[in-house]
Amino acid sequence: MTFIIHAHTLTEADSAYRNVLHELAPTSPEAEPKAFAVQFNDAISVERLLSVLSNFFAALVLLLSCVGIYGLTASYVDQRTTEIGVCMAFGATRMAVFNMVMKQTVALLALGTVAGGCLAILAVHSVKAFLFQVNAASPVLFGMAVLTLFLSSFMAAALPARRAVSIDPAQALRAE
C-alpha cells in the first residue's frame, strides 16, 4: 500500500501514516515512511549515475581528441620546419605561417567532423532510451557538439602553430 501524506514535519507524517494504516489494515506490518525527496532520489539514482558517467567519458574523449590533434599538428610542424623556415626567409608573415598550419588542421577536422557526424546520426537510435524530453537528432545538440569540438581542437592546434611562427629561418635552414 502506498500513501501520500502532506505534513510539515516527518514526525507528523509518521503519526498520520500509522493512524491511517491501523484504520485501514490493522493486521498489516508497518513499514518505515519515507520522505518524497528521498524516494524520488532513490528512484532516479541509476539515471543520475549514468548521466555522471556519460559526462565523464565525454570529457575524457574530448581531452583525448585534443591530445591527438596537438600531436598531429606538432608532428606536421616538425616535418615542415625547413619549409616554414624558407617561407619566412622569403618574407612570409607570422600570420601567413600560422594560417598555413591551421588550414591543414581545419581540413582534417572538417573531414573527421563529417565522418563522425554521419556515424552519430546512425547511432542516435541507440541512445534515445536514455534521453528524457530531448530530441536525440536535434540540430542544436549536433551544432553545439561540433562547435565544442572545433573550439577545443583549435586551441589544441594553436600551440604547435605558435611554435611554427617562432621558428628562426636561419636555424631552420642550417638544420637541413
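**Charges**

I started with the charges in this predicted model. The chain carries 10 positive and 11 negative charges, and I found their mean positions 20 Å apart.

**Overall build**

Next I looked up the secondary structure. I counted seven helices and zero strands. Reading from the N terminus, I get α-α-α-α-α-α-α. The radius of gyration came out at 30 Å, while the globule rule gives 16 Å for 176 residues, so the chain is more spread out than a compact globule. I also checked the box that the C-alpha atoms fill along the principal axes, and it is roughly 95 × 30 × 20 Å.

**Surface and contacts**

How much of the chain counts as buried? I noted 20% of the 176 residues. The chain exposes about 12,700 Å², and carbon and sulfur atoms supply 69% of that area. Then I turned to contacts with a separation of 6 or more: residues 24 or more positions apart account for 66% of them.

**Salt bridges**

How many salt bridges does the structure hold? I found three, and I went through them one by one.

My entry for Asp14 and Arg18: their side chains meet in a salt bridge, 3.2 Å from N to O. Both residues sit in helix α1, which covers residues 10-24. They are four residues apart, and that is about one turn of the helix. I looked up the accessibility of Arg18 too; at 23% it is partly exposed, because buried would need a value under 20%.

My entry for Arg163 and Asp78: here the closest N and O atoms are 3.1 Å apart. Arg163 belongs to helix α6 (residues 139-165) and Asp78 to helix α3 (residues 45-79), so this salt bridge ties together parts that are 85 residues apart in sequence. Are these two buried or exposed, or in between? Arg163 is partly exposed at 39% relative accessible area, and Asp78 is partly exposed as well, at 48%. The cut-off for exposed is over 50%, so Asp78 at 48% doesn't make it into that class.

My entry for Glu83 and Arg80: the closest N and O atoms of this salt bridge are 2.3 Å apart. I have Glu83 down as partly exposed, with a relative accessible area of 35%. Arg80 is at 21%, and since buried means under 20%, I wrote this arginine down as partly exposed too.

**Two residues I picked out**

Where is Ala115? I found this alanine in helix α5, residues 94-127. Its relative accessible area is 42%, so I put Ala115 in the partly exposed class. I then took the distance to Thr9, which lies 106 residues away along the chain; the two C-alpha atoms are separated by 57 Å.

His6 comes in the segment before α1. At 77% relative accessibility, His6 counts as exposed, because the cut-off for that class is over 50%. I paired this histidine with Leu151, 145 residues apart along the chain, and got 50 Å between their C-alpha atoms.

**Looking back**

Putting my pages together, I have a chain of seven helices that is more spread out than a compact globule. One of its three salt bridges stays within helix α1, between Asp14 and Arg18. Another, between Arg163 and Asp78, ties helix α6 to helix α3.

Notes: Residues numbered from 1 in each chain as written. Predicted model: local features only at pLDDT ≥ 70, side-chain atom pairs only at ≥ 80, totals over all residues. Heavy atoms only, no water. Salt bridge = Lys/Arg side-chain N within 4 Å of Asp/Glu carboxyl O. Helix = DSSP H or I, 4+ residues; strand = E, 2+ residues; numbered from the N terminus. Buried < 20%, exposed > 50% of the residue type's maximum accessible area, 1.4 Å probe, protein only. Rg over C-alpha atoms; globule rule 2.2 N^0.38 Å. Contact = heavy atoms within 4.5 Å. Areas by Shrake-Rupley, 256 points an atom, 1.4 Å probe, with all protein chains shown as cover. Lys, Arg positive; Asp, Glu negative; His and termini not counted. Charge placed at Lys NZ, Arg CZ, Asp CG, Glu CD.
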